[in-house]
Amino acid sequence: MRITRDNLVFRMDKENDYVLKANSGDEIVFETCDCFSDSIKSEKDLVSGIDFDKVNPATGPLYIEEAEIGDCLKVEIIDIKLNNSGAIVTAPGLGRLADRIDSEETVICEIKNNEVDYLGRNLPLNPMIGVIGTAPSGEGISTGTPYHHGGNMDCTMVKKGSTVYFPVNTKGALLAMGDLHASMGDGEIMGSGIEISGEVRVRVEVLKEYDILPIMIETEDKWITIGSEKTMEEASKIAIDNMVNFIVKKTKLSINQAGMLLSAVGNLRVCQIVDPNMTMRMEIEKKYL
Ligand code: CA
Ligand code: CA
């Protein structure tokens, strides 16, 4: 099953019409545009030429038959395929160096031999999904904004081999995704990574009983909680509280003991600090649980 890249939404919204129905256990390919709706074709295409009504498109949404409000949607990222070139941009007012940028610039980066060619430097390829989520419980939310449903989390751990757990806030869950990056550093300080189109193969599964506190990510060796809120402090608090609650549920440790464990071997990290909400994550290696 496949959703083509002409099925785009710019809001995660329970009112969105689904474009495909799947069952728990199915594999689906989402073809995705880059965050500029594929409008940057050369280094002459600058931020000022972008249609800001068409940024951060997400492909979908996918309706999952078994998903009911209160369930957890497990999304295994089986594969991410990228186009052969990406773009990174800057402009005055964008990102955390905004006060020091006085002209616009676009750099096109070719992808070859598992590397990203950035101005003649070879950067490691780290294909990841910037925007992914289910419909939020209340009003629709712009795909540019990360919140408790997911959205524009720009988390480098949302990559091939990872499993992401989302809340189901409406019947069918309405999963959508887009905004792939060939490479992005934690923080995404300038507001863009190496933005690229491509396709993502996922397997979806509806969990009726679960210990997970969405949004969580599971990798081969780590558990990760995610928080997105107005400030880094508030986002951190969600990620930390959820991880402590998760450890208490999964082990016989008290809150005190779970907190001390996290303080000793857990890592609080930045996902991004440039979107309308900030996103932080708390990581712990599975072996300590
Ligand atoms: Ca993004
Ligand atoms: Ca992006």
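How far apart are the mean positions of the 30 positive and 46 negative charges of the protein chain? They are 5 Å apart, where Lys and Arg count as positive, Asp and Glu count as negative, and His and the chain ends are not counted; each charge is placed at NZ of Lys, CZ of Arg, CG of Asp or CD of Glu.

This is a predicted model, in which local features need pLDDT of at least 70 and side-chain atom pairs count only at pLDDT 80 or more, while totals for chains, interfaces and linings use all residues. Residues are numbered from 1 along each chain as its sequence is written, chains are lettered from A and ligands numbered from 1 in the order in which they are written, and side-chain values use heavy atoms, with hydrogens and water left out.

**The whole chain**

Select the protein chain and show it as a cartoon: its secondary structure comes to two helices and 22 strands, these being DSSP runs numbered from the N terminus, with H or I over at least four residues for a helix and E over at least two for a strand. The radius of gyration is 18 Å, close to the 19 Å of the globule rule for 289 residues, so the chain is as compact as a globular protein of that length; the radius is taken over C-alpha atoms, and the rule is 2.2 Å times the number of residues to the power 0.38. Along the principal axes, the C-alpha atoms fill a box of roughly 60 × 45 × 40 Å.

Switch to a surface, and the accessible area of the protein chain comes to about 12,900 Å², 46% of it belonging to carbon and sulfur atoms, as computed by the Shrake-Rupley method with a 1.4 Å probe. Of the 289 residues, 51% are buried, where buried means under 20% relative accessible area, exposed over 50% and partly exposed in between, with a 1.4 Å probe and protein chains only.

**Strand β5 and its partners**

Next, select residues 27–32, which form strand β5, where five of the six residues are buried. Strand β1 (residues 2–3) pairs with β5 in the parallel sense over two bridges, and strand β18 (residues 198–207) pairs with β5 in the antiparallel sense over six bridges; pairing requires that DSSP finds at least two bridges between two strands. Centre on Phe-30, which is the bridge partner of Ile-3 and also stands opposite Val-200 in β18.

**Glu-76**

From β18, move to Glu-76 in strand β7 (residues 72–82), which at 25% relative accessibility counts as partly exposed. Leaving aside residues up to four places away in sequence, Glu-76 touches Ser-162, Thr-163, Arg-201, Val-202 and Arg-203, a contact meaning heavy atoms within 4.5 Å. A distance monitor between the C-alpha atoms of Glu-76 and Thr-219 should read 9.9 Å, although these residues are 143 apart along the chain.

**Backbone stops**

Now select Gly-60 and Pro-61, whose peptide bond is cis with omega near 0°; Pro-61 lies in strand β6 (residues 58–64). Another cis peptide bond joins Pro-214 and Ile-215, with omega about 10°, and Ile-215 sits in the loop between β18 and β19 (216–218).

Finish at the loop between β9 (105–112) and β10 (115–118), which holds Asn-113 and also Asn-114. Asn-113 has a positive phi near 50° and counts as exposed at 72% relative accessibility, while Asn-114 has a positive phi near 65° and counts as exposed at 61%.
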